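Notebook open, coffee poured. I'm going through this structure piece by piece and jotting down what I look up.

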Amino acid sequence: MSSEPERMRKVCVVGASGKLGQYMVQHCLDRGYEVVGVCRERSVGKLAALADRITIVPGDTNDPEVIRRAVAGCEGVLTVLVPWGMRQYSSGTAQAVLDHAAPDARLVFSCGWHVRRDARDRYSWKFRTLVLTITKLARVLRLLDVNDQLEAARRIFAADRRWTLVRGSDLEEGKSQGLPVWSRHVGDPVLAGNMTRRVDFALFMVEALTDDTLVHEAPAIVGRLTTGALAHTDDC
Ligand SMILES: NC(=O)c1ccc[n+]([C@@H]2O[C@H](COP(=O)([O-])OP(=O)(O)OC[C@H]3O[C@@H](n4cnc5c(N)ncnc54)[C@H](OP(=O)(O)O)[C@@H]3O)[C@@H](O)[C@H]2O)c1
């Protein structure tokens, strides 16, 4: 990826208390960035170990006023998009970031492979059935609104901002294996392994802040040591 421009000094992590968020905070601190983390009030305690190293802005991530305060002065914003509940949480979060981040800020969002970028994304019947089942079941239980994450993506793709939407494979915990590999299209053989370490998903998100080749891309990522990645890339 490209070398780090000087402009990335202060980064906001929206959804900092979750698993992906905490890894992203740590990667940002490792790079010497000043970090502002946004998380729900009830989750502030999850950031206790980092509390003296970052600024925490408590509040719902879809609250425009919370986001406006948190992203002030940030050159980069890393946003965990999650479709929890039936109150447009994902699209509201994305919209608040798109509306309030500085005009030239790098905006990097997370989601899963189920978000389609274009017609060249190819899904197996098994994957489609799984997503459909989860979407319907979660909707009936009013737990998750997967369609709202798709709406969030639609708004990001349409935005005249410096965005990247990182689409994650299935995730697992474990030690870093290095920067994931990526493809523009779900269904590419390089992605066949369908597994990424969460710490490396976070690494990709943070690296994307300073990689302008990823602006206006929706990379589908996979762990660099998966069989597909090893078979189809030269540098793994
Ligand atoms: N899990 C997977 O297998 C998978 C696969 C592909 C892509 N992804 C993507 O990876 C990213 C991280 O996902 P993750 O599953 O690993 O989760 P995660 O990092 O633990 O993050 C979950 C986030 O959801 C928030 N949250 C939990 N319950 C909530 C509620 N009821 N209302 C509002 N916010 C709530 C958490 O905030 P609190 O800390 O406040 O609870 C946290 O910020 C997401 O963008 C997801 O789409 C995940």
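**The annotated domain.** I started with the UniProt record, an unreviewed entry, which puts a "domain: NAD(P)-binding" feature at residues 15-211. What I'm looking at is a predicted model, so I keep that in mind throughout. Over residues 15-211 the chain comes out as 37% helix and 18% strand. I also checked the two ends of that stretch, and their C-alpha atoms are 22 Å apart.

**The core.** Next I looked up the largest nonpolar core, which has 64 residues. Which of them touch the most other members? They are Cys12, Val13, Met24, Val77, Val97, Phe109 and Met205. Helix 6, residues 198-208, gives this core its largest share, eight residues. I picked methionine 24 for a closer look. Leaving out residues up to four places away in sequence, Met24 touches Val13, Leu78, Ala202, Met205 and Val206.

**Around the ligand.** I then turned to the ligand, which has 23 residues around it. Ser17, Gly18, Leu20, Ser43 and Gly168 come nearest. Which elements give two or more residues to this shell? Helix 1 (19-30) and strand 5 (106-112) do. I sorted the shell by class too and got nine nonpolar, nine polar and five charged residues.

**Helix 4.** This helix covers residues 125-140, 16 residues in total. From first C-alpha to last, helix 4 reaches 22 Å, close to the 22 Å expected at 1.5 Å a residue. Is helix 4 well covered or hardly covered? Hardly covered: I found zero buried residues among its 16.

**Just past helix 4.** Arginine 142 sits in the loop between helix 4 and helix 5. Its phi is positive, about 55°, although Arg142 is not a glycine. Why does Arg142 count as exposed? Because there are 10 other C-beta atoms within 10 Å, and exposed means 12 or fewer.

Leucine 144 is in that loop as well, between helix 4 and helix 5 (146-158). Leu144 counts as buried because it has 20 C-beta neighbours inside 10 Å, and the cut-off is 20 or more. Setting aside neighbours within four places in sequence, Leu144 is in contact with Pro83, Trp84 and Ala138. I also checked leucine 144 against leucine 81: they are 63 residues apart in sequence and 12 Å apart in space, C-alpha to C-alpha.

**Another positive phi.** Asparagine 194 has a phi near 45°, a positive value in a residue other than glycine. I found Asn194 in the loop between strand 8 (181-183) and strand 9 (196-197). With 16 other C-beta atoms within 10 Å, Asn194 is partly exposed.

**Glycine 228.** Last entry. Where is Gly228? In helix 7, residues 227-232. Gly228 is buried because 20 other C-beta atoms lie within 10 Å. I listed what Gly228 touches, not counting residues up to four places away in sequence: Pro189, Val190, Leu191, Ala192, Gly193 and Val222. Then I tried a pair with cysteine 74. Gly228 and Cys74 are 154 residues apart in sequence and 37 Å apart in space, C-alpha to C-alpha.

Notes: Residues are numbered from 1 along each chain as its sequence is written. This is a predicted model: local features need pLDDT of at least 70, side-chain atom pairs count only at pLDDT 80 or more; totals for chains, interfaces and linings use all residues. UniProt positions are given in the numbering used here, feature names are shortened, and annotations may be inferred rather than shown by experiment. Helices (H or I, at least four residues) and strands (E, at least two) are DSSP runs, numbered from the N terminus. A nonpolar core is a set of buried Ala, Val, Leu, Ile, Met, Phe, Trp, Tyr and Cys residues joined through C-beta atoms within 7 Å. Two residues are in contact if their C-beta atoms, placed from the backbone, lie within 7 Å. A residue is near a molecule or strand if its C-beta atom, placed from the backbone, lies within 6 Å of it. Ala, Val, Leu, Ile, Met, Phe, Trp, Tyr, Cys and Pro count as nonpolar, Asp, Glu, Lys and Arg as charged, and the others, Gly among them, as polar. The expected span of a helix is 1.5 Å times one less than its number of residues.
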